[in-house]
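Visitor: Could you take me through one part of this protein up close? I am in my first year, so please go step by step and show me how that part connects to its surroundings.

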Amino acid sequence: MAAEVSGAAFLAVIAAALLTLLLSVAIESLITPRPPLARPWPEWGVHAGLCFVAHAALTLLLGRPWFAAVLVSAFLLMLALVNNAKVKALREPFVFQDYEYFTDAIRHPRLYIPFMGVVKFLLATAGFVFAIGIGLWGEAAPVARFAWAGQLGGVLVSLAAGAALLMYGACAALPVTMQPERDIETLGFLASLWRYAGAARKAPDGVSPFAGLKPAPDVNPLPHLVAVQSESFFDVRALYAGIDPAILSEYDRLKHDAALHGKLTVPAWGANTVRTEFAFLTGIDAAELGAHRFNPYRAMTAGWEVASLTAFLKRIGYRTVCVHPYPASFYQRHRVFPRLGFDAFLDIAFFENAAQFKPYVGDEAVAAKVASILDQDSGPMFVFVITMENHGPLHLETPEPGEIQRFYSEPPPSGCNDLTIYLRHLDNADRMVASLRRTLAQCDRPAGLCWYGDHVPTMPAVYQTFGVPEGAVEFVLWDNRQGAQGGESRQRDLDAHQLSRIWLQTMGIIA
């Protein structure tokens with residue numbers, strides 16, 4: 001009798017593990033882009049190996065193999081939902097480096113959960129809790145749990161099979177492009193996550209052009225430098241001709257008087273600000289970062305040392321300050337920025353009395369903070385600004401009376417509320433341009449402004465109506481000498497990693 005019980009427990013583990021594998025294939029078919037069934041056998045080995053190992057670990061922990069199958073499947077279904085929401089909002093599938101989404105969604109729910117959809121999130125959460133309740137209540141207590149011929153034996157067989165399949169997959173050096181959509185369509189969803197995780201263990205190869213950089217001789221006095229990474233800033237007027245062109249009148253004036261302006265190709269679309277941010281601060285092309293292109297700061301927190309614009313400026317006599325009206329812990333900036341050479345980081349704690357602008361600190365308050373910093377320091381300053389006002393989700397806000405008449409020469413089609421909200425914040429960004437220009441024009445020393453967007457905004461419904469922008473944003477390089485002389489503006493398109501070095505050249509700081 002005992003042998004029969006042990007044998008049944010053993011077979012239950014194996015059967016539940018196979019069910020987990022079958023369900024995982026069905027769940028993968030829900031993913032966008034849809035992974036093909038015809039894929040290299042090593043990638044199927046990785047897929048099956050991950051399913052078997054995850055199921056074996058949960059069975060060992062819980063003693064309930066069918067419940068473990070439900071939990072693994074529920075987790076995969078959640079990943080599928082998150083992936084599809086990311087594809088819809090950001091045109092990029094979920095990658096292994098996105099694992100912090102789950103903890104960030106708890107710490108900063110407004111930034112993440114609405115993109116998935118509050119209803120979908122609540123249903124997914126309720127479904128997960130329901131699955132746990134049904135599993136604990138519906139499956140009998142463990143039988144022959146630690147018998148070698150029973151459940152423990154089944155777990156060990158499943159675990160060994162999973163490990164062998166993963167080793168088989170690891171021995172195949174299949175090409176990984178680091179283009180998530182292409183890799184999912186070639187390798188499958190789970191296998192691409194596993195490959196990306198393995199690639200992240202290798203330190204980036206990129207070398208900053210600021211390593212060993214020398215300043216130009218006889219730069220005296222050193223100019224103030226203010227760089228503004230304006231949240232979701234791009235010239236949206238090209239999207240819809242009915243937008244009032246005066247919405248960016250101050251930006252147009254700055255561009256007209258600029259030393260250089262143009263389109264900026266950025267390594268982010270709709271979100272993932274740190275990709276553009278890192279490119280600007282280090283001058284490293286995302287293509288040189290391998291798997292770390294998705295979040296370069298994580299490599300830095302793991303010990304990677306990299307030269308930067310900030311460290312170079314600090315070395316030649318600048319005081320370096322970052323201004324960001326949001327918690328410094330977001331994206332681990334409180335750990336990363338000192339290593340990039342910043343002397344101070346003024347985060348949300350320094351804006352306690354600043355006016356919120358639905359729902360973040362407004363650009364006007366940030367411009368005032370920059371003015372106060374420059375007013376207090378007599379030496380050369382580098383101020384790097386990361387704005388927040390225009391951060392989505394835009395669909396959580398509603399248009400106000402009169403905004404249609406104010407922002408459009410011709411009202412947009414229905415379903416374009418996000419565009420109206422975006423124009424509200426873009427109008428304030430334009431006011432910030434004017435404020436910073438006045439501040440720098442009044443400086444006692446030369447002063448330069450570098451203004452650029454980090455990525456285009458996330459407005460899926462708007463893009464369905466007007467078309468999806470390619471993703472290039474705007475940049476302007478202006479200095480108070482150029483503005484005073486009314487010099488001729490030059491136009492040139494750049495990549496994000498080129499911008500900071502070109503800026504130093506236009507300011508005469510490097511050759």
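Guide: Just after helix 14, G341 takes up a positive phi of about 105°. This is a predicted model, so please read every value here as computed from that prediction.

Step back from G341 into the helix itself. Helix 14 covers residues 333-340, and R333, V336, F337 and L340 are buried in it. If you look down the axis of helix 14, these buried residues fall within an arc of 95°, so they line one face of the helix. What do they pack against? The buried residues of helix 14 pack against helix 11, helix 12 (296-301), helix 13 (309-315), strand 3, strand 4 (344-346) and strand 7.

Now look at the other end of the helix. Q332 sits in the loop between strand 3 (319-323) and helix 14, and its phi is near 60°, a positive value in a residue other than glycine. Most residues other than glycine have a negative phi. N272 also has a positive phi, near 60°, and is not a glycine. You can find N272 in the loop between strand 2 (260-265) and helix 11. N272 counts as buried because its relative accessible area is 9%, and buried means under 20%.

That brings us to helix 11, one of the packing partners of helix 14. Helix 11 spans residues 273-282 and holds R275. Is R275 buried or exposed? R275 is buried, with a relative accessible area of 7%. Setting aside neighbours within four places in sequence, R275 is in contact with E92, P267, A268, R293 and F294.

Let us follow another packing partner of helix 14, strand 7. Strand 7 (381-386) is followed by a loop that leads to helix 16 (403-407), and P393 lies in that loop. The peptide bond from G392 to P393 is cis, with omega near 5°. Most peptide bonds are trans. Another cis bond runs from N220 to P221, with omega near 0°. P221 belongs to the loop between helix 9 (189-199) and strand 1 (224-230).

Strand 7 also takes us to strand 1: the two run parallel and are joined by five bridges. One of the residues to look for is V228, whose bridge partner in strand 7 is V385. Strand 1 pairs with strand 8 (residues 447-453) as well, in the parallel sense and over seven bridges. There, the bridge partner of A227 is C450. How many residues of strand 1 are buried? Seven of its seven residues are, so to speak, under cover. Both faces take part: H224, V226, V228 and S230 are buried on one side, and L225, A227 and Q229 on the other.

Come back to the loop after strand 7 for a charged pair. The side chains of E397 and R424 meet there in a salt bridge, with 3.1 Å from N to O. The pair links distant parts of the chain, since E397 is in the loop between strand 7 and helix 16 while R424 is in helix 17, 27 residues apart. Salt bridges that share partners also join K86, E92, D98 and R275 into one network, and R275 is the residue you met in helix 11. As for cover, E397 counts as buried at 9% relative accessibility, and R424 counts as buried at 4%.

Helix 17 (residues 417-441) also holds R437. The side chains of R437 and D257 form a salt bridge, 2.6 Å from N to O. D257 lies in the loop between helix 10 (249-256) and strand 2, so the pair ties together parts that are 180 residues apart in sequence. Here too the partners are covered: D257 counts as buried at 11% relative accessibility, and R437 is buried with a relative accessible area of 9%.

Methods. Residues numbered from 1 in each chain as written. Predicted model: local features only at pLDDT ≥ 70, side-chain atom pairs only at ≥ 80, totals over all residues. Heavy atoms only, no water. Helix = DSSP H or I, 4+ residues; strand = E, 2+ residues; numbered from the N terminus. Buried < 20%, exposed > 50% of the residue type's maximum accessible area, 1.4 Å probe, protein only. Contact = heavy atoms within 4.5 Å. Pairing = 2+ DSSP bridges. Arc of directions from axis to C-beta. Salt bridge = Lys/Arg side-chain N within 4 Å of Asp/Glu carboxyl O.
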